[in-house]
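Q: I have a model open on my screen and would like to talk it through with you. Could you take my questions as they come?
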Amino acid sequence: MTASTNREQEIQKLRELIKDIDYGMFTTVNDDGSLHSYPMSTSGEINSDGTLWFFTYAKSHKVTDIAHHQQVNVSYSSPDQQRFVSISGTAQLVQDRNKMRELWKPELQTWFPKGLDEADIALLKVNINQVDYWDGRSTFKPQTINLLTLSRL
C-alpha cells in the first residue's frame with residue numbers, strides 16, 4: 001500500500017468520525033500563551049489534502065491569534081455515540097472569494113446575515129497535522145492519525 005493510499009484512508013476515517021457532528025471547538029493560542037476556544041461550524045468536508053475550512057470575520061480575535069501563533073486545535077464530540085476527536089494543525093486566513101462561494105452553506109446566514117456580501121467575511125484554513133480520537137464503539141483506547149508522517153512516506 002502506498003503512502004498516498006494510506007493518507008486517503010486516514011482522511012476518510014476522519015471524515016467518518018466527524019460527519020455527523022456539526023460544530024467543533026476551535027482553539028487558538030493568544031500572545032500570552034493562554035488558550036481561547038470558539039464554537040465553529042465546519043464548512044464542507046475535509047479535503048483530500050487534509051484541510052478543514054471555517055468561515056469567520058477577518059478582524060476577529062481568533063484571526064489575530066493565528067497571525068501570531070498558527071497552531072490550533074479543533075475538537076469534536078458526540079457523547080451519544082461515544083466519539084471524541086481532537087485535531088491539531090496550523091491555520092491561516094484565506095480571503096479567496098471563489099473558495100468562499102464553493103464552501104458557502106445557507107445555514108451560515110445565522111452568523112453572517114449578509115451572506116457572502118459581508119464586508120469582513122473570510123475563511124480559516126486548517127492544515128491538519130495530527131488527529132487523536134476515541135471511538136467508544138470499538139475501543140476507548142486513544143487512536144492517532146498523523147497526516148504529517150503519512151505525507152512524508
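Q: Which residue stands opposite Phe26 in β4?
A: In this predicted model, the residue of β4 that stands opposite Phe26 is Val74.

Q: How many bridges join β1 to β4, and in which sense do they run?
A: The two strands run antiparallel, and three bridges join them.

Q: And what about β1 and β2, how many bridges there?
A: Strand β1, which covers residues 23-29, pairs with β2 over seven bridges, again in the antiparallel sense. One of the partnerships links Val29 with Leu35 of β2.

Q: What lies between β1 and β2?
A: The two strands form a hairpin with five residues between them, and within the turn Gly33 has a positive phi of about 90 degrees.

Q: Let's zoom out: what order do the elements of the protein chain run in?
A: Starting at the N terminus, the order is α-β-β-β-α-β-β-α-β-β-α, which reflects four helices and seven strands. Contacts between residues 24 or more positions apart make up 64% of the contacts with a separation of 6 or more in the protein chain.

Q: Which residues have the most contacts inside the largest nonpolar core?
A: The largest nonpolar core has 26 residues, and those with the most contacts inside it are Leu14, Phe26, Leu52, Phe54, Tyr76, Val85 and Ile87. At least two residues of this core come from each of α1 (3-18), β2 (35-41), β3 (51-57), α2 (61-68), β4 (71-78), β5 (83-94) and β6 (121-135).

Q: Which element gives the most to this core?
A: That is β6, with five residues. Apart from this core lies another, of ten residues, including Met100, Leu108, Phe112 and Leu116. As general background, nonpolar side chains in soluble globular proteins tend to be buried together.

Q: Staying with β6, is Ile128 buried or exposed?
A: Ile128, which lies in strand β6, counts as buried because its relative accessibility is 5%, and the cut-off for that is under 20%.

Q: What is Ile128 in contact with, beyond its neighbours within four places in sequence?
A: With those neighbours left aside, Ile128 is in contact with Leu14, Ile46, Gly50, Thr51, Leu52, Ile87, Ser88, Gly89 and Leu147. In the case of Ile46, the two residues are 82 residues apart in sequence, while their C-alpha atoms are 9.4 Å apart in space.

Q: Switching to helices, which residues of α2 are buried?
A: The buried residues of α2 are Lys62, Val63, Asp65 and Ile66. They lie on the same side of α2, because they cover an arc of only 155 degrees around the axis. These buried residues pack against β1, β2, β3, β4, β5 and β6.

Q: And Lys99 in α3, buried or exposed?
A: Lys99, in helix α3 (residues 97-103), counts as buried, because its relative accessibility is 15%. Leaving aside its neighbours within four places in sequence, Lys99 is in contact with Asn47, Trp53 and Leu123.

Q: What share of the protein chain is buried overall?
A: Of the 153 residues, 43% are buried. The protein chain exposes about 8,400 Å², and carbon and sulfur atoms supply 49% of that area.

Q: Last one: which element has the lowest mean pLDDT?
A: Helix α4 (residues 147-152) has the lowest, at 54, whereas α2 has the highest, at 96. For the protein chain the mean pLDDT is 87, and 88% of the residues reach 70 or more. Where pLDDT is low, the predicted coordinates should not be read in detail.

Definitions and conventions: Residues numbered from 1 in each chain as written. Predicted model: local features only at pLDDT ≥ 70, side-chain atom pairs only at ≥ 80, totals over all residues. Heavy atoms only, no water. Core = buried A, V, L, I, M, F, W, Y, C linked by side-chain atoms within 4.5 Å. Buried < 20%, exposed > 50% of the residue type's maximum accessible area, 1.4 Å probe, protein only. Pairing = 2+ DSSP bridges. Contact = heavy atoms within 4.5 Å. Areas by Shrake-Rupley, 256 points an atom, 1.4 Å probe, with all protein chains shown as cover. Arc of directions from axis to C-beta. pLDDT = per-residue confidence, 0-100.
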